[in-house]
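This report describes the fold of one protein chain and a few of its residues. Please look at the sequence and the model first.

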Amino acid sequence: MVETHMMKEVSNNNQSEMLNGEAANPEEEPKEPQTSEEEQPKQRKSTPYERLSFDLTNDQRCLKEITLGKRIGFYRIRGELGSGNSSQVKMGIHALVKE
């Protein structure tokens, strides 16, 4: 009689745990999903061209240089080399190759 009473208690506990969303076995912990390094997307390093393109559109300093005429595309204007009747020649340094 004691054994049947104990079995009913265990069975009632298991049912209440299942209703509460807990594990049926109190010693057994819920398993977390294991993710390997291969499953997670790897962050690739951006290229110098990608960084420069991003800076030209988002960096406040670059945007200010473009508005002031100190930068044209990837070239940063350094100074005037000469001027004529209808034009000016200025020196520009390319941001990637530094030439």
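The sections below go from the whole chain to the sheet, and then to single residues.

## Overall composition

The model is predicted. Its protein chain contains three helices and three strands, and read from the N terminus the elements follow the order α-α-α-β-β-β.

Of the 99 residues in the protein chain, 7% count as buried. The accessible surface of the chain is about 9400 Å², and carbon and sulfur atoms contribute 52% of that surface. Among contacts in the chain with a separation of 6 or more, 11% come from residues 24 or more positions apart.

## The sheet

The three strands make an open sheet in the order β1-β2-β3, and the pairing is antiparallel. β1 (71-72) and β3 are its edge strands, as each of them pairs on one side only.

The pairing of β1 with β2 is antiparallel and rests on two bridges. Within it, Arg71 faces Arg76 in β2. The hairpin of these strands has two residues between them, and there Gly73 adopts a positive phi near 60°.

Strand β2 covers residues 75-83 and is joined to β3 by seven bridges, again antiparallel. Two positions illustrate the register: Tyr75 is opposite His94 in β3, and Ile77 is opposite Gly92 in β3. These two strands also form a hairpin, with four residues between them.

## His94 and the end of β3

Strand β3 spans residues 88-94 and includes His94. Is His94 buried or exposed? Its relative accessible area is 13%. Buried means under 20%, so His94 is buried.

Leaving aside residues up to four places away in sequence, His94 touches Phe74, Tyr75 and Glu99. One of these, Tyr75, is also the residue that stands opposite His94 in the strand pairing. In addition, the side chain of His94 reaches the backbone nitrogen of Leu96 at 3.1 Å.

Val97 belongs to the segment after β3. With a relative accessible area of 53%, Val97 is exposed. Val97 and Phe74 are 23 residues apart along the chain, and their C-alpha atoms are separated by 9.8 Å.

## The aromatic pair

A pair of aromatic rings is described by the distance of the centres and the angle of the planes. The structure holds one aromatic pair. Tyr49 and Phe74 form this pair, with 5.6 Å from centre to centre and 75° between the planes. Planes over 60 degrees apart count as edge-to-face, so the pair of Tyr49 and Phe74 is edge-to-face.

Which parts of the chain does the pair tie together? Tyr49 lies in helix α2 (residues 48-58), whereas Phe74 lies in the loop between β1 and β2, so the pair ties together parts that are 25 residues apart in sequence.

Tyr49 is partly exposed, at a relative accessible area of 47%. Phe74 is partly exposed as well, at 23%.

## Phe74 in context

Several of the details above meet at Phe74. This residue sits in the loop between β1 and β2, pairs its ring with Tyr49 and is touched by His94. In the hairpin of β1 and β2, Gly73 is the residue with the positive phi. Phe74 thus has a link to helix α2 through the aromatic pair, and a contact with His94, a residue of strand β3.

Note on methods
Residues are numbered from 1 along each chain as its sequence is written. This is a predicted model: local features need pLDDT of at least 70, side-chain atom pairs count only at pLDDT 80 or more; totals for chains, interfaces and linings use all residues. Side-chain values use heavy atoms; hydrogens and water are left out. Buried means under 20% relative accessible area, exposed over 50%, partly exposed in between (1.4 Å probe, protein chains only). Contact means heavy atoms within 4.5 Å. Accessible areas come from the Shrake-Rupley method with a 1.4 Å probe; for residues, only the protein chains shown count as cover. A polar contact is a pair of N or O atoms within 3.5 Å; within protein, one must be able to donate a hydrogen and the other to accept it, and residues adjacent in sequence count only if both atoms are side-chain atoms. Two strands pair if DSSP finds at least two bridges between them. Rings of Phe, Tyr and Trp (its six-membered ring) pair if their centres lie within 6.5 Å; planes under 30 degrees apart count as stacked, over 60 as edge-to-face and the rest as tilted.
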